[in-house]
There are 2 protein chains.
Amino acid sequence: MNPATAAENPEIALTAETASDPAPETQDGRRLRGDRTKRAILAKAVDLASVDGLEGLSIGRLASELGVSKSGLFAHFGSKLELQLETVQTASELFEEQVWQPVADREPGVVQLVALMESWLRYFRDPDNDGGCFFSNAYHEFDARPGPVRDAIAAQKRRWMAAIVHHVKAASTRGQLKAGTDPEQLAFELDAVGSLANSLWQLENDEKAFGRAQTAIRTWLHASATASGRRALTAAGISC
Amino acid sequence: MNPATAAENPEIALTAETASDPAPETQDGRRLRGDRTKRAILAKAVDLASVDGLEGLSIGRLASELGVSKSGLFAHFGSKLELQLETVQTASELFEEQVWQPVADREPGVVQLVALMESWLRYFRDPDNDGGCFFSNAYHEFDARPGPVRDAIAAQKRRWMAAIVHHVKAASTRGQLKAGTDPEQLAFELDAVGSLANSLWQLENDEKAFGRAQTAIRTWLHASATASGRRALTAAGISC
DNA sequence: GTAAAGAACGAACGGTCGTGCTTTTTCTTT
DNA sequence: AAAGAAAAAGCACGACCGTTCGTTCTTTAC
């Protein structure tokens with residue numbers, strides 16, 4: 001969806017949909033209408049699932065919230081499993097739009113890494129996402145329930161972690177991080193504080209959690225940065 | 001339940017039950033039997049809820065897994081809400097038993113802090129807790145659903161965070177941590193890596209996550225420790 | 001020895017779940 | 001204008017949900 005991002009990080013292309021979309025060239029008004037409602041359904045599904053979970057998401061409630069019939073909605077998916085899988089897919093695309101794209105044009109390396117993490121934090125507190133991060137909920141809901149939904153969610157988590165690792169390595173190859181830095185370890189720690197900030201924000205409306213996460217992210221990166229890395233950070237207005 | 005722990009950390013006594021238990025001195029065999037089955041019910045409820053969530057926990061399934069009647073089980077609680085609340089309470093007690101008690105006799109300060117975090121990590125991978133940490137699931141399931149269950153769960157999280165902060169401060173007053181150390185910030189970071197380790201373990205059976213969490217915990221504490229703090233750590237066999 | 005108390009049970013309630021089948025409405029094609 | 005395809009609605013189903021009721025059996029109390 002975003003060429004710059006896709007070129008920089010080919011392994012983390014989150015838009016399987018756009019690639020596999022078979023024939024959007026048809027001018028059929030019926031299918032257009034169907035696609036539009038389906039998109040609306042899935043957007044609402046992400047919303048509801050962020051609050052009640054993917055299992056708590058019920059077809060009847062989803063239909064009545066949208067003012068459509070249960071059977072009409074159901075026909076779009078054929079099964080609840082399929083609805084769940086497409087909801088995960090839709091959430092991925094929204095995630096990419098709201099987290100990835102805003103930082104796609106930042107200077108690659110440590111600056112883009114920090115920007116990505118802070119974009120993530122902003123996504124958490126976006127009032128549109130009232131149920132918090134869709135994936136944070138989904139991870140924990142399905143982490144002990146084997147099946148296609150869990151697989152899809154786990155793949156998403158893997159992509160996210162890989163993206164952070166990729167950015168850490170990009171910073172390293174640019175000579176912005178000290179030699180001893182372990183990319184996977186640093187990515188683990190960055191992901192950890194972000195995830196916890198979301199949790200505390202949802203559970204206690206604790207604004208301070210974002211400050212703590214930001215402090216941790218900036219402190220660690222300044223500590224791991226070389227002189228050139230620190231220069232890039234301060235030049236981008238990212239202080240410690 | 002554990003006098004040493006209670007004396008050291010009066011504000012984090014997790015056993016409201018034992019204190020509020022009104023009259024266990026009755027030798028009524030009927031109530032004894034009732035208490036025993038109720039305990040068994042709640043233990044199983046924690047198990048099931050760790051996998052399917054507190055909302056996914058259904059009275060019918062719980063009853064059939066235990067080989068008792070749905071109505072007989074239901075009579076112990078009177079409502080599903082009450083069952084959920086008592087399940088949270090039971091999970092708290094199990095958490096204290098499995099995480100707190102094993103480190104209650106460790107040397108207070110930085111050594112006990114590290115021991116607590118690593119006891120927490122062991123609790124995550126305990127095969128008895130096949131669904132992972134009950135609370136990690138519950139936090140995310142209820143973080144967007146106001147109500148008594150969410151309140152009970154949030155209180156538990158607050159106690160846990162307060163406990164970590166308490167130990168950091170205990171280490172500080174013993175001169176084991178550098179002057180600039182922010183207890184709440186450090187507690188935030190420690191909780192973050194532990195929580196993520198549990199997530200990755202559940203989602204991907206990723207053993208390495210525990211290693212990363214342990215590395216982070218030990219590295220940070222060594223980095224924040226004074227000479228005396230480092231001496232205490234190495235004396236306790238906690239290397240970096 | 002009889003009455004009260006408590007635990008456990010089976011049956012049933014109204015409601016919602018996911019899921020099929022049939023029909024109606026809407027749009028495109030000829 | 002007629003025919004046909006796709007979207008949406010209507011209706012009904014079996015299963016399970018939390019919950020209530022009346023009953024049985026065992027244990028304590030008078």
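## A well-connected valine

Which residues does Val110(A) touch, not counting residues up to four places away in sequence? Ala171(A), Gln176(A), Leu177(A), Leu221(A), Ala225(A), Gly229(A), Ala232(A) and Leu233(A) make up the list. Keep in mind that this is a predicted model.

Val110(A) also shows up when you look at the nonpolar cores. The largest of them has 123 residues, and Val110(A), Ala197(A) and Val110(B) are the ones that touch the most other members.

## Chain A at a glance

Chain A has 12 helices and zero strands, so there's not much to say about the order of elements: from the N terminus on, it's α-α-α-α-α-α-α-α-α-α-α-α. Of its 240 residues, 40% count as buried.

As for how the chain packs on itself, take the contacts between residues at least 6 apart in sequence: in chain A, 67% of these join residues at least 24 apart.

## How the two chains are related

Put chain A on chain B with a rotation of 180° and 0.0 Å of shift along the axis, and the two superpose with an RMSD of 0.0 Å. That is the relation of a two-fold axis. If you want to find the axis from chain A, go to Ala192(A), whose C-alpha is the nearest one in that chain, 2.5 Å away.

## Where they meet

The contact draws 32 residues from chain A and 32 residues from chain B. On chain A, the helices that each supply at least two residues to the side touching chain B are α3 (29–56), α8 (134–142), α9 (148–173), α10 (183–204) and α11 (208–224). The largest share is that of α10(A), with 12 residues. Sorted by class, this side of chain A has 10 nonpolar, 13 polar and nine charged residues.

What about the other side of the contact? The copies meet through the same surface, because 100% of the interface residues of chain A are also interface residues in chain B.

## Two helices of chain B, checked by length

Helix α9 of chain B (residues 148–173) has 26 residues, so at 1.5 Å a residue it should span 38 Å; its end C-alpha atoms are 37 Å apart, which agrees. Its buried residues include Val149(B), Ile153(B), Trp160(B), Ile164(B) and Val168(B), along with Gln156(B) and His167(B). Just after α9(B) comes Gly175(B), with a positive phi of about 75°.

Helix α6 of chain B (residues 80–100) passes the same sort of check: its 21 residues should span 30 Å at 1.5 Å a residue, and the end C-alpha atoms are 29 Å apart, which agrees. Among the buried residues of α6(B) are Leu83(B), Val88(B), Ala91(B), Phe95(B), Val99(B) and Trp100(B), and also Gln84(B), Thr87(B), Thr90(B) and Ser92(B).

One of these, Val99(B), can be paired with Glu184(B): the two are 85 residues apart along the chain, and their C-alpha atoms are separated by 21 Å. Glu184(B) sits in helix α10 of chain B. With 15 other C-beta atoms within 10 Å, Glu184(B) is partly exposed.

## The one-sided burial of α11(B)

With 17 residues, α11(B) reaches 24 Å from its first C-alpha to its last, close to the 24 Å expected at 1.5 Å a residue. Which of its residues are buried? They are Ala209(B), Arg212(B), Ala213(B), Ala216(B), Ile217(B), Leu221(B) and Ser224(B). They cover an arc of only 150° around the axis, which puts them on the same side of α11(B). The spacing makes sense, too: an α-helix has 3.6 residues a turn, so residues three or four places apart point the same way.

The cover over these buried residues comes from both chains. It includes α10 of chain A, as well as α7 (110–125), α10 and α12 (227–235) of chain B.

## An asparagine with a positive phi

Most residues other than glycine have a negative phi. Asn205(A) isn't a glycine, yet its phi is positive, about 50°. Where is Asn205(A)? You'll find Asn205(A) in the loop between α10 and α11 of chain A. Asn205(A) counts as exposed because it has 8 C-beta neighbours inside 10 Å.

In chain B, Asn205(B) also has a positive phi of about 50° without being a glycine. Its place is the loop between α10 (183–204) and α11 (208–224) of chain B, and with 8 other C-beta atoms within 10 Å, Asn205(B) is exposed.

Note on methods. Residues numbered from 1 in each chain as written. Chains lettered and ligands numbered in written order. Predicted model: local features only at pLDDT ≥ 70, side-chain atom pairs only at ≥ 80, totals over all residues. Least-squares fit on C-alpha atoms with pLDDT ≥ 70 in both. Contact = placed C-beta atoms within 7 Å. Helix = DSSP H or I, 4+ residues; strand = E, 2+ residues; numbered from the N terminus. Nonpolar A, V, L, I, M, F, W, Y, C, P; charged D, E, K, R; others polar. Expected span 1.5 Å × (residues − 1). Buried ≥ 20, exposed ≤ 12 C-beta atoms within 10 Å, placed from the backbone. Core = buried A, V, L, I, M, F, W, Y, C linked by C-beta atoms within 7 Å. Arc of directions from axis to C-beta.
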